[in-house]
Amino acid sequence: MTPPVQVLGPREVPLGGPRAMTVRRTLPARERSFVGAWCFADHYGPDDVSVSGGMDVAPHPHCGLATVSWLFSGEVEHRDSLGTVAVVRPGEVNLMTAGRGISHSEVSTAGTRVLHGAQLWVVLPSASAEVEPRFEHHVPEAVHPASGVEARVFVGSLWGSRSPVRVETALLGVEVVLGAGASVALPVPDEFEVGVLVDRGSVDFAGARVAATELGVVEAASGGGGGVRDGRSLVLTARAEGARVLVLAGEPFGEEVVMWWNFVGRSHDEVAAAREAWESGADGSSSGRFGRVEGYEGDVARIPAPGLPGVRLRSRGNRDRPARPETETEAEPMS
């Protein structure tokens, strides 16, 4: 039986403070919050940097999540409060686990002419939400699981390739490039939710068409997706123009969280405390919970947190969102 595919379209969102760039966001969506523990997907470019100005995201904080950066073209310099300075290039992954708290900046390099990539977040389970922050960089080797297909596994393992970057839940992240008319089966465990974010071209995924910039999602076998799923049903097929996609998969994330600005917590009060901790270092006199990013040179020294709404933030799980009670609200992540 071919499982049904939920297709999520993107919406345009300005990202990154004074010199904002526009990204296409497919997660979180009104229809669902997570694919596995993947909780955030921004897709941007290809942007001519001479016109757009490129990426310049001043120091900003994170907690309760991990960020995953993947590029198709261009270069981005990452600096964080651990003292890390690392450049991510096409075919390489930067994974930063924020845990209890970290801050970082992201700036496209002077040599970048076209900027094109994806910024992804992973929500951390409650047992790992307060881990010590860490940063990892990895360059996956290309594998060729079928004729006309090239893949790079940047999180998890597939087709005999395993990424060494550490994650706190069972996850998979893979770039798959398909030539004209090429096809490949995804041998992903039945207990994984599977998302396919299409960068260019379009694909038939599990029997449904998913166009460029869209995210197609198939539920886990036990997730009420409409029937028993087997690996043979998860087939990607490119059309005549070929395609490039990101496969994002993982075990269903069963917890409810509060996602607001750059923070993930379990309650309004946790998020409010994170905001207060970041704003307490606004004068630069104290590094505090989120540390200090050294060496960033930009128009502003940091991105200030927006004001909290006048009502309590509500938690969300991976479900259709009910109508909001008048006493609760939520806000989307901003960077």
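Strands here are DSSP runs of E, at least two residues long, and helices are runs of H or I with at least four, all numbered from the N terminus. With that in hand, let's walk through this predicted model.

**The overall picture**

The chain has 335 residues, and 54% of them count as buried. It holds 2 helices and 26 strands. Take the contacts with a separation of 6 or more: 71% of them are between residues 24 or more positions apart. On the outside, the chain exposes about 13,200 Å², with carbon and sulfur atoms supplying 49% of that area.

**Helix α2**

One of the helices, α2, runs over residues 268-279, which makes 12 residues. From its first C-alpha to its last it reaches 17 Å, close to the 16 Å expected at 1.5 Å a residue. Which residues of α2 are buried? They are His268, Val271, Ala274 and Trp278. Looking down the axis of α2, these buried residues fall within an arc of 130°, so they line one face of the helix. That fits a general rule: an α-helix has 3.6 residues a turn, so residues three or four places apart point the same way. And what covers the buried residues of α2? The cover includes β5 (56-62), β10 (102-108), β23 (258-260), β24 (263-265) and β25 (312-313).

**Two residues with positive phi**

Strands β23 and β24 come up again here, since the loop between them is where tryptophan 261 lies. Its phi is near 50°, a positive value in a residue other than glycine. Tryptophan 261 has a relative accessible area of 1%, and because buried means under 20%, this residue is buried.

Alanine 206 is another case: it isn't a glycine, yet it has a positive phi of about 50°. You'll find alanine 206 in the loop between β19 (193-205) and β20 (208-210). At 4% relative accessibility, alanine 206 counts as buried too.

**Cis peptide bonds**

Now for some peptide bonds worth finding in the viewer. Here are two cis ones, each leading into a proline.

| Cis peptide bond | Omega | Where the proline is |
|---|---|---|
| Leucine 27 and proline 28 | about -5° | loop between β3 (21-27) and β4 (38-48) |
| Glycine 45 and proline 46 | about 5° | strand β4 |

So where should you look for each proline? Proline 28 is in the loop between β3 and β4, while proline 46 is in strand β4 itself.

Note on methods
Residues are numbered from 1 along each chain as its sequence is written. This is a predicted model: local features need pLDDT of at least 70, side-chain atom pairs count only at pLDDT 80 or more; totals for chains, interfaces and linings use all residues. Side-chain values use heavy atoms; hydrogens and water are left out. The expected span of a helix is 1.5 Å times one less than its number of residues. Buried means under 20% relative accessible area, exposed over 50%, partly exposed in between (1.4 Å probe, protein chains only). The arc is that of the directions from the helix axis to the C-beta atoms. Contact means heavy atoms within 4.5 Å. Accessible areas come from the Shrake-Rupley method with a 1.4 Å probe; for residues, only the protein chains shown count as cover.
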